[in-house]
Amino acid sequence: MSDERPAPSEASEPDTAPSGSVPGAERAPNFVADLVDDDLRAGKHDGRVATRFPPEPNGYLHIGHAKSICLNFGIAAKSAKGTCNLRFDDTNPATEETEYVDSIRADVRWLGFDWGEREHFASDYFDRLYAIAEQLVEDGLAYVDSQSTEEIRKGRGSFYEKGKESPFRDRSVAENLALLRKMRGGELPDGSHVLRAKIDMGSADINMRDPLLYRIKHAHHHRTGDRWCIYPMYDYAHPLSDAIEGITHSICTLEFEDHRPLYDWFVANARMEHRPRQIEFARLNLTYTVLSKRRLQELVEGGHVRGWDDPRMPTLAGLRRRGYTPEALRAFCDRIGVSKKDGVVDVALLEHTLREDLNARAPRAMGVLRPLRLVIDNWPEGHVERFSIANHPEDPSYGTREVPFSRVVYIERDDFAEVPPKKWFRLQPGGEIRLRGACIVRCNEVVKDAAGAIVELRCTWDEGSRGGAAPDNRRIKGTSHWVSAEHALDAEVRLYDRLFSVENPSDEKHGKPYTDLIDPASLEVLTGCKLEPSLAAKKAGEPFQLERLGYFVVDPDGTPERPVLNRTIGLKDSYAKIAGKT
RNA sequence: UCGGGGAUCGUCUAACGGCAGGACGCCAGACUCUGGAUCUGGCUAUCUAGGUUCGAAUCCUAGUCCCCGAGCCA
């Protein structure tokens with residue numbers, strides 16, 4: 001029985017009384033953390049825990065990476081002697097760029113993790129890796145193969161057939177060394193030779209059939225420039241990079257599970273001092289989106305979205321622009337757990353986690369998306385009153401603000417119905433509604449244009465309802481948000497929804513490519529929206545709630561005079577649900 | 001036909017031979033100056049078949065289904 005559970009080391013999460021409801025405070029199931037604890041208790045690595053997050057700088061980070069980042073940094077943070085490195089796995093110059101290095105740094109930092117001085121590049125180890133390769137050759141454990149790509153592929157065999165040994169497999173150490181040096185020296189063309197490990201062409205594990213260590217690639221590397229023309233393969237560079245950095249637990253995804261014997265082979269035969277342990281977990285899948293680098297790239301390059309940071313993208317850059325908070329993302333990663341079962345997490349859980357965080361922290365304001373003029377006939381022309389409204393109804397520490405009110409205000413078109421359906425709480429001809437924090441109005445007349453479209457409502461206000469409370473305590477079921485016409489800020493508002501119209505866009509059962517399953521309604525742009533004046537002060541990235549509508553952020557596309565808002569996510573709408581049922 | 005993994009409510013995940021629990025979701029209700037939030041109640045699961053055992057999600061045997069693997073990608 002384990003009882004020396006690491007004391008509440010995460011001091012950030014003060015445990016509230018058992019009765020208190022602490023949303024998201026449940027201990028996240030995490031078998032990787034349990035294995036690390038086991039190693040710790042067994043006295044391995046002198047009590048050290050060292051993890052790493054090893055992205056290849058060839059694309060933008062997405063929410064699946066967030067799971068890995070939270071896992072790796074989280075495990076390190078749990079233990080006193082824990083560290084987590086950021087390592088760029090840059091062994092393929094053909095696809096990697098500095099732009100991605102920069103975006104990855106920014107995204108990890110934004111998510112809330114700090115790697116301090118522990119930033120590394122696999123390319124930092126090229127000299128060392130090469131020296132080890134020569135050593136392997138001298139030990140008779142590696143050889144230069146001069147077969148063509150095609151011949152090597154054929155020789156590898158298949159799932160059902162063993163491989164065949166290369167005719168070059170038994171070259172002498174001296175010959176191998178000379179050839180390897182020529183490869184490195186730049187005298188040999190791409191594809192003419194490779195360095196392979198001499199393991200076992202008869203292995204049932206294809207990874208062990210003399211895997212490639214180095215290939216010739218006359219390509220410019222984003223960091224080493226033209227210093228190298230041979231580059232190490234992942235299977236070789238990764239375990240050795242881990243060992244060089246003294247990583248204790250090398251956490252990766254399931255598809256590397258059958259690379260583990262090879263991982264161990266390299267660490268052992270390179271006689272590395274540190275012996276990291278590879279542990280595999282299931283990568284994240286989410287409903288209504290795609291999470292593979294390839295598909296994300298296609299969405300960007302095919303022009304299906306506006307870029308890597310399109311607010312509908314599951315990239316960290318996209319989520320950030322959309323208005324997701326790092327706190328919500330971390331809470332989400334905590335809740336989904338870590339296991340070896342590949343599943344699909346319902347995006348509703350992500351959305352729930354987001355709303356939970358935003359509800360607690362986002363200040364409230366008012367804005368009208370589809371304005372309808374409402375004129376208060378018994379309100380004096382030119383008279384302006386400022387109502388004091390709470391910035392957060394559940395947290396007085398957010399204070400109040402003064403919101404100007406005048407004779408003409410805008411309300412949401414959806415909040416008026418000439419012929420109300422059943423269970424309608426909002427405004428209707430002859431009916432009353434409360435204008436949030438201001439007063440109660442009654443609709444006396446519906447003004448239409450020649451075409452019969454409603455252009456404005458003529459109303460009167462109850463002078464005893466100043467501030468919104470009914471003087472006689474009569475029940476006013478509906479409350480509308482509003483914006484004073486003469487004080488309103490004009491804005492563009494972008495409404496986002498799930499990018500895809502189906503749960504699993506990658507599933508072939510749909511009979512069409514996932515790009516055909518993009519929901520055209522996933523982006524709706526509204527112009528002529530009206531905002532209360534206090535919103536002019538909002539900066540990009542500061543979340544706020546537009547009451548009754550949802551959570552929003554200012555998009556960098558806007559200007560102070562003409563703000564652009566992104567709707568991060570709508571409020572839960574139980575009326576839409578009953579209305580939908582009819 | 002080979003190798004490596006995995007199967008528990010609709011979804012994610014606990015239970016490590018001893019009452020199948022939580023979260024999301026869904027349904028119903030209460031409350032509310034956001035049809036939000038909050039609160040209450042309810043819903044649904046151990047892949048199959050055998051076996052061991054007083055007792056099996058857990059151990060054994062045999063199946064079934066799903067994922068990954070034949071890049072000079074990572």
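1. A polar backbone atom of glycine 437 lies 3.2 Å from a base oxygen of RNA strand B. A second backbone contact to a base involves glycine 191, where a polar backbone atom is 3.0 Å from a base nitrogen of RNA strand B. The side chain of lysine 341 addresses the phosphate instead: one of its polar atoms is 2.4 Å from a phosphate oxygen of the strand. A polar contact here is a pair of N or O atoms within 3.5 Å; within protein, one must be able to donate a hydrogen and the other to accept it, and residues adjacent in sequence count only if both atoms are side-chain atoms.

2. The model is predicted; local features need pLDDT of at least 70 and side-chain atom pairs pLDDT 80 or more, whereas totals for chains, interfaces and linings use all residues. Residues are numbered from 1 along each chain as its sequence is written, chains are lettered from A and ligands numbered from 1 in the order written, and side-chain values use heavy atoms, without hydrogens and water.

3. RNA strand B is surrounded by 70 residues, the closest being Lys341, Arg364, Glu394, Gly467 and Gln545. A residue counts as near the strand if one of its heavy atoms lies within 4 Å of it. Sugar or phosphate accounts for 58% of the strand's atoms within 4 Å of the protein, and bases for the rest.

4. By class, the surface near RNA strand B holds 27 charged, 23 nonpolar and 20 polar residues. Here Ala, Val, Leu, Ile, Met, Phe, Trp, Tyr, Cys and Pro are nonpolar, Asp, Glu, Lys and Arg are charged, and the others, Gly among them, are polar. Helix H13 (574–581) is one of the elements that supply at least two residues, and H13 gives the largest share, five residues. Helices (H or I, at least four residues) and strands (E, at least two) are DSSP runs, numbered from the N terminus.

5. In chain A, the domain assignment, automatic or from a database, gives domain 1 (365–484) and domain 2 (492–581). Their C-alpha centres are 24 Å apart. Contact (heavy atoms within 4.5 Å) joins 22 residues of domain 1 to 19 residues of domain 2.

6. Which salt bridge links aspartate 415 and what is its N to O distance? Aspartate 415 pairs with arginine 548 at 2.2 Å. A salt bridge is a side-chain nitrogen of Lys or Arg within 4 Å of a carboxyl oxygen of Asp or Glu, and four are counted between domain 1 and domain 2. Across this interface, ten residue pairs are in polar contact, both residues at pLDDT 80 or more.

7. The whole structure contains 57 salt bridges. One of them joins the side chains of aspartate 39 and arginine 277 (3.1 Å, N to O). Because aspartate 39 lies in helix H1 (residues 31–41) and arginine 277 in strand S9 (residues 277–281), this pair ties together parts that are 238 residues apart in sequence.
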